[in-house]
Amino acid sequence: MTFDEKLLAAAAAVERRDFEAAAGSYAEAIPLDPSAGLIVQYGHMLKEAGHLRSAVGAYKAAVRWDGTAGDAHVHLGHLLKRLGRIDEAIDVFMAAERIPYGPHVRPEINGLVVAKLNGKHAGRPGDGVDLKPLPEPLRRQDDRLRSWLHAEDFARGQRWPQIRASLNVQRITERRPVALRLEPMADLVIEEGSYRATTSNPRMRFLPEGVVQMSMLAGRWVDISLSVAGLETVVDPILLVENAVGWANFTATRLLQTQGDRYSTLVKLPETFVSLRLDPVHAPGRFSLGDLRVTLCPDLSPIGRMMNQPGQPLLGALLQRVRGGDDNATPQSGPATMADDYAHWMALHERPSQSAQRQAGEAGRLGFFTLVSAEDVDGAARSLRSLRAQTCPSWTLILLLDPGLSTAAIAALEAAREGDSRCHLVRQTERMQPAQAFSAAMERLQALLIAHLPAGDELASDAVASILNEADSHPDLAILVCDHDDLDAEGRRLSPSFKPDWNLDYLLCFNYVGPAVLFRRSAAEDAGGWQNRFPGLETYDLLLRIAAQVERETIVHLPRPIWHRHVSGKQPSILEPVRAFLDAQGQGVRAQVGPLPGTAKLVWPLPETPPHVTLIIPTRDRIDLLKTAVDSILEKTAYPRFDILVVDNGSVEPESLAYLAEVEATGRVSVLRDDGPFNFSRLNNRAAAVARGSVLALVNNDVEVEDGDWLAEMVAPALDPTIGAVGAKLLYGSGHVQHAGIIGGVGTVAGHGHKFEPRDAAGYMNRLVVQQTVTAVTGACLVVEAWKYNAVGGLDEANLVVAFNDVDLCLKLAAWGWRSLLVPSAVLYHHESLSRGLDLSGERAARFSREAAHMVSTWGDRILQDPFYSPNLTRQHEDFSLLLSH
């Protein structure tokens, strides 16, 4: 059979779910056209057939074949984790993390480290032993393949001896070009005069032309430059040096953009290496590549030593001198493994948008104003230049000049204005408070939308067009919030603030909006305009006052970082404007100093006689867990009025039955017996129907109370007539985060935000430490008023027996107008969740799929497109990392 015929035979075997036959076909195909991907497929077939140890061997062979094959590392790591070989799995995932543009495995590493700290792992029972040996025919095929791979590993070492520097090489005293060419290796095709990457990891190799030998490069400083243009993909060329056969050891260096489509690096190659490779782009799509120039450079060892010494102002000039040529920018290079995720995000997602192009003739629709003091002149000029570079001309800017501004400073601003009639320099006759100046500017700006543009802040070139498009799409818009990032001293964009949609609870605890907000002029006037009540927080104060007067639907979020903030380092306290807002609302909610600078904590009132709370705890045996939960609740909880209702779902162990009888005799715990099949929703609903309390707390049997105030912290906001479910922050036994709010659309249906973060971490944009509205909270510790729970029908025991019933409950509450609130100050341990993991095999897998499908069909985008998350953040992981794929 030919290679293609063997692959067709394998596919046919998979179709009929005969994975052993498929493995045999792959074993015969691999020697005909070997690749890491094909060896991984062989491993998949062995795993699906239940031959786990053999699958580990196959995945390891794929990693040996190509040490840069990210998928081989990931599958090997997952299988080792499944088998409980945690240390090996961590090593494999850490190796994958070093691969340029490799898989995002940091959550896997964090989770395994936390598992080790807890003395537990997520392995499945019985997976530690491969109970199913290979059948004899497949064993013989596997032995032959392993022998071939072993021999091929040795042969590759013989066929591709390491390139070594000649002992008698002539010292290079001047630049010398070397004739090399790039040849496609894998995952790209040539079509219509350009290349097309078929995956996110296309590879090309350097080959010599004519009499040139690669050994000429060994131990040398080499200048490599070429032109790469991404027509439909992400350009970020990376040079990889294969230091050991099979990429078992390699180094990676990024080529940085020097001018236009030109990319360069200056690197010293090792004394011995196997090959050189270029990964030109990192997403599928078309690209062009050409004008490769490779030049040997004089010995730069002294300069290399200088690079390790601080304070070398001549280094850039020296490198430029060595390079020669006429490039305007001095190229640099850096380890590809230190790639800036935000730079990658920008390359992927910030492409010119046709929808962001606008025509002239809309003058006066957007108005900005900037206060300019003596120290703000340069920053104000940068702000002005960013407006003058807009693709849409429909803006007006007022520069409010401090009365003490020098003639030279004013002349500099006039020079930046270049006679542009859209920019007006207005000199204050007397120094005013900022709010007074803001009001004066608002009177001059007869614009639809207005904003304070702090000196030094800049706007993306299509910002004005994008804002006007939003205004057209939302005719009643009163507030427009944009995403923003920060500018460092060199003008580099860093630290993006990818915001949720409107989240008032979050805003009252942390000013996540920042400066990137525009107001409808009439709404600002109706709210009293900028006022001099809270110096430094004039815009934040106005934002709260407008939000209190307008409908939620008129507050719009533009989820693009079109506003680039000049970092000032100031972190003013928001406590006073928050208190003023809460006092005006008259609901009795107070504000305290928050856990971090610039944050606040909301405190809801409890009645003089707090409501009675029934804690519902389903269980079946596992007295080791239940006793810890019940005892810690009874001993530590400071809340004065509660009882515990244990729902015993068929316990049979004598120790469990004895303990339940013992705690029931105390009068503070009652037991409801239910011997039916496990149905988490039904168990809680049965308990809710007979609960004594007007407030319900759904609690897992594997929690442990640490702080006595936890229940009061949750019950008080649950009594708010606008709040439904209230959730706590749950920790693994090691102190790492297990739950801090549920994010819709992450993973299959939903995921737990910030999982595995350290206990005291602030989280993304302080979201681990401040109260905020979330789409859902976990049923492992959820507080809700009984009448609200009953109004929406409780948990869905017909369709959601085990999974997603808590998410569904929160979404039903939200549909009735009751939001879900995360209270990070209520902290409990959640022990068993880490070791239990997800057992998705057999009927459990089928049930999980049914319940996930029910959630998607019932809620659609309401769960898949979480308004309290950001579309710019990952949907694959729970760590609030950036979305680094299309």
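Two strands are counted as paired if DSSP finds at least two bridges between them. In this predicted model, that rule applies to strand 18 (residues 449–452) and strand 22 (residues 517–520), which run antiparallel and are joined by two bridges.

**Strand 18 and its partners**

Within the pairing of strands 18 and 22, Ile450 has Phe519 as its bridge partner. Strand 18 also pairs with strand 15 (residues 366–372); these two run parallel and are joined by four bridges. Here Ile450 is the bridge partner of Gly367.

In a regular strand, side chains alternate between the two faces of the sheet. In strand 18 both faces are covered: Leu449 and Ala451 are buried on one side, and Ile450 and His452 are buried on the other.

**Nonpolar cores**

The largest nonpolar core comprises 146 residues, and Ile479, Leu615 and Ile644 have the most contacts inside it. Strand 37 (residues 819–830) supplies the largest share of this core, with seven residues. A second core, separate from the largest, has 46 residues, including Ala27, Ala62, Ile90 and Leu145.

What does Leu615 touch, leaving aside its neighbours within four places in sequence? Its contacts are Ile633, Phe642, Asp643, Ile644, Leu645, Ala697, Val699, Trp710 and Leu711.

**Salt bridges**

Side chains of opposite charge can pair when their charged atoms come close. The count for this model comes to 50 salt bridges. Three of them are listed below with their N to O distances.

| Salt bridge | N to O distance |
|---|---|
| Arg203 and Asp66 | 3.3 Å |
| Glu706 and Arg759 | 2.7 Å |
| Lys812 and Asp808 | 3.5 Å |

The pair formed by Arg203 and Asp66 links distant parts of the chain, 137 residues apart: Arg203 belongs to strand 6 (residues 203–208), whereas Asp66 lies in the loop between helix 4 (52–65) and helix 5 (70–82). Arg203 counts as buried because its relative accessible area is 14%, under the 20% limit. Asp66 is likewise buried, at 8% relative accessibility.

Glu706 and Arg759 also link distant parts of the chain, 53 residues apart. Glu706 is in the loop between strand 30 (703–705) and helix 23 (710–718), and Arg759 is in the loop between strand 34 (750–752) and strand 35 (772–774). Glu706 is partly exposed at 32% relative accessibility, and Arg759 is partly exposed at 26%.

Lys812 and Asp808, by contrast, both lie in helix 25 (residues 805–815), four residues apart, which is about one turn of the helix. Lys812 is buried at 17% relative accessibility, and Asp808 is buried at 3%.

Finally, a network of salt bridges links Glu136, Arg139, Arg140 and Asp143.

Note on methods
Residues numbered from 1 in each chain as written. Predicted model: local features only at pLDDT ≥ 70, side-chain atom pairs only at ≥ 80, totals over all residues. Heavy atoms only, no water. Core = buried A, V, L, I, M, F, W, Y, C linked by side-chain atoms within 4.5 Å. Buried < 20%, exposed > 50% of the residue type's maximum accessible area, 1.4 Å probe, protein only. Contact = heavy atoms within 4.5 Å. Salt bridge = Lys/Arg side-chain N within 4 Å of Asp/Glu carboxyl O.
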